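Work through the following exercises with the sequence and the model side by side, and attempt each task before reading its solution.

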Amino acid sequence: MRAAVFHGIGDISIDTVPDPVIERSTDAIISVEAAGVCGSDLWTYRGQSAVVPGARIGHEFVGRVVEAGTDVRDFAVDDWVIVPFRYSCGECTYCVRGLTCSCINGGFWSREVKAAGQGEYVRVPFADATLIKPYSGGERPDDSLIPSLVALTDVMVTGLHGARSAQVCPGDTVTVIGDGAVAISAVMAVQWMGAGRVIVLGSTHPVRRDLVANLGVEAVLNVRGDEAVEQVRDLTDGLGSDATVECVGSEQSFLTALSVAAAGTTVGYVGLPHGVAIDPATMFAKNLGIAGGVCPARALIPGLLSEVLAGNLNPGAVFTSRYPLDAVPTAYSDLDQRKCVKPLIDVARKG
């Protein structure tokens, strides 16, 4: 089979790798139809992660079951499925609590298992607890829905996790920090949760800025640091945001989030932190809370799936470019150079 393999900084290629096989009776083999390239994949591409050369890559994917282990009860060959960015057992203490991202038996694609989503086939452990069927009968979704279903594997539910962590309530004024796919998804999420006003910080890229603006937010501010804080306060009568969602992960973005948050509110963070050091005294005087982290995708996908299938949410709008599997290296280069917001990989498409 063919799959994307990381060989070093700026070096992703499509290589021939061994086909996956059933290793445990609870496994399923998925034929991947579509996959996403995530902003977090760029940390690997840029050599800023612990991923070693030779590793496969990709954690956002959907497809069809082509083989199921003897103990898989809920899925059969030809079932079309959504695959969360982390697999989970469904039975441990954390899974029962809904914190599937902390499953003690689970793991991440290309880390705890070799398999990864930017390839033709993937072995999925704990298939019954990990996979999700869009339809009870297992039929394939319409092509127009595929981008949104790929978005549910990670970025859309991550945006929702940030909004929930920030304790967004109906009517709130919410500030979202960032202009990438997760930030755009967070905007959709806070609007879905009933936010009254939405302010977006950091949208310097014209395509990203237009995409955010088309969602009907109140303001898209191309400023950072003290100027960003000042403008948000001007828009909120000097009080700050009722809820703040941080989607970048840099020290500056965290400090900005804490500065624009109104006293007694919570900053929800889903940006992967890099080089962030926060003095608790910054939060103490304003009684600020901070919550978030890795999204429990498997627990959150079903709640949004029905909205996507009903046409009430279109998280697939974050995919602004599409590529066949052979063009994955180009997709990474384009994302790295901000030529697109997020690439969608049509795995089955040739050339």
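**Exercise 1: a pair of packed helices**

Gly225, Ala228, Val229, Val232 and Arg233 of α8 are in contact with Gln252, Thr256, Ser259 and Val260 of α9, contact meaning heavy atoms within 4.5 Å. The model is a predicted one, in which local features need pLDDT of at least 70 and side-chain atom pairs count only at pLDDT 80 or more, while totals for chains, interfaces and linings use all residues. Residues are numbered from 1 along each chain as its sequence is written, and side-chain values use heavy atoms, with hydrogens and water left out.

Task: describe how helix α8 and helix α9 pack, giving the angle and the distance between their axes.

Solution. Begin with the elements themselves: helices (H or I, at least four residues) and strands (E, at least two) are DSSP runs, numbered from the N terminus. Helix α8 covers residues 225–235 and helix α9 residues 251–260, and the two pack at an angle of about 25° with their axes 9 Å apart. The axes are lines fitted to C-alpha atoms, for helices over the stretch in contact, and angles run from 0 to 180 degrees between N-to-C directions. This makes α8 roughly parallel to α9, since angles under 35 degrees count as roughly parallel, over 145 as roughly antiparallel, 65 to 115 as roughly perpendicular and the rest as oblique. The crossing of the two helices is right-handed, that is, the near helix is turned clockwise from the far one by less than a right angle, anticlockwise being left-handed.

**Exercise 2: the surroundings of a helix**

Task: establish how many of the residues of α6 are buried, and which elements cover them.

Solution. First check the length: at 1.5 Å a residue, the 12 residues of helix α6 (residues 181–192) should span 16 Å, and the end C-alpha atoms are 16 Å apart, which agrees; the expected span is 1.5 Å times one less than the number of residues. Next, 10 of the 12 residues are buried, so α6 is largely enclosed by the rest of the structure, where buried means under 20% relative accessible area, exposed over 50% and partly exposed in between (1.4 Å probe, protein chains only). Among the buried residues are Ala181, Ile184, Met188 and Val190. Their cover includes α5 (155–165), β9 (173–177), β10 (197–201), α7 (206–213) and β12 (243–246). Finally, just after α6, glycine 194 takes a positive phi of about 100°. Glycine 194 is also one of the residues in contact with cysteine 169, which lies in the loop between α5 and β9.

**Exercise 3: salt bridges along the chain**

Task: locate the partners of aspartate 336 and aspartate 346, and state whether each aspartate is buried or partly exposed.

Solution. A salt bridge is a side-chain nitrogen of Lys or Arg within 4 Å of a carboxyl oxygen of Asp or Glu, and by this rule the count comes to 15. Aspartate 336 meets arginine 46 at 2.7 Å, N to O. That pair links distant parts of the chain, 290 residues apart, with aspartate 336 in helix α12 (residues 328–336) and arginine 46 in the loop between α1 (41–45) and β4 (60–68). Aspartate 336 is partly exposed at 27% relative accessible area, and arginine 46 is partly exposed at 36%. Aspartate 346 pairs with arginine 322, the closest N and O atoms being 3.0 Å apart. Here aspartate 346 is in strand β16 (residues 343–346) and arginine 322 in strand β15 (residues 321–324), 24 residues apart. Aspartate 346 counts as buried at 13% relative accessibility, whereas arginine 322 is partly exposed at 45%.

Conventions: Lists of a residue's contacts leave out its neighbours within four places in sequence.
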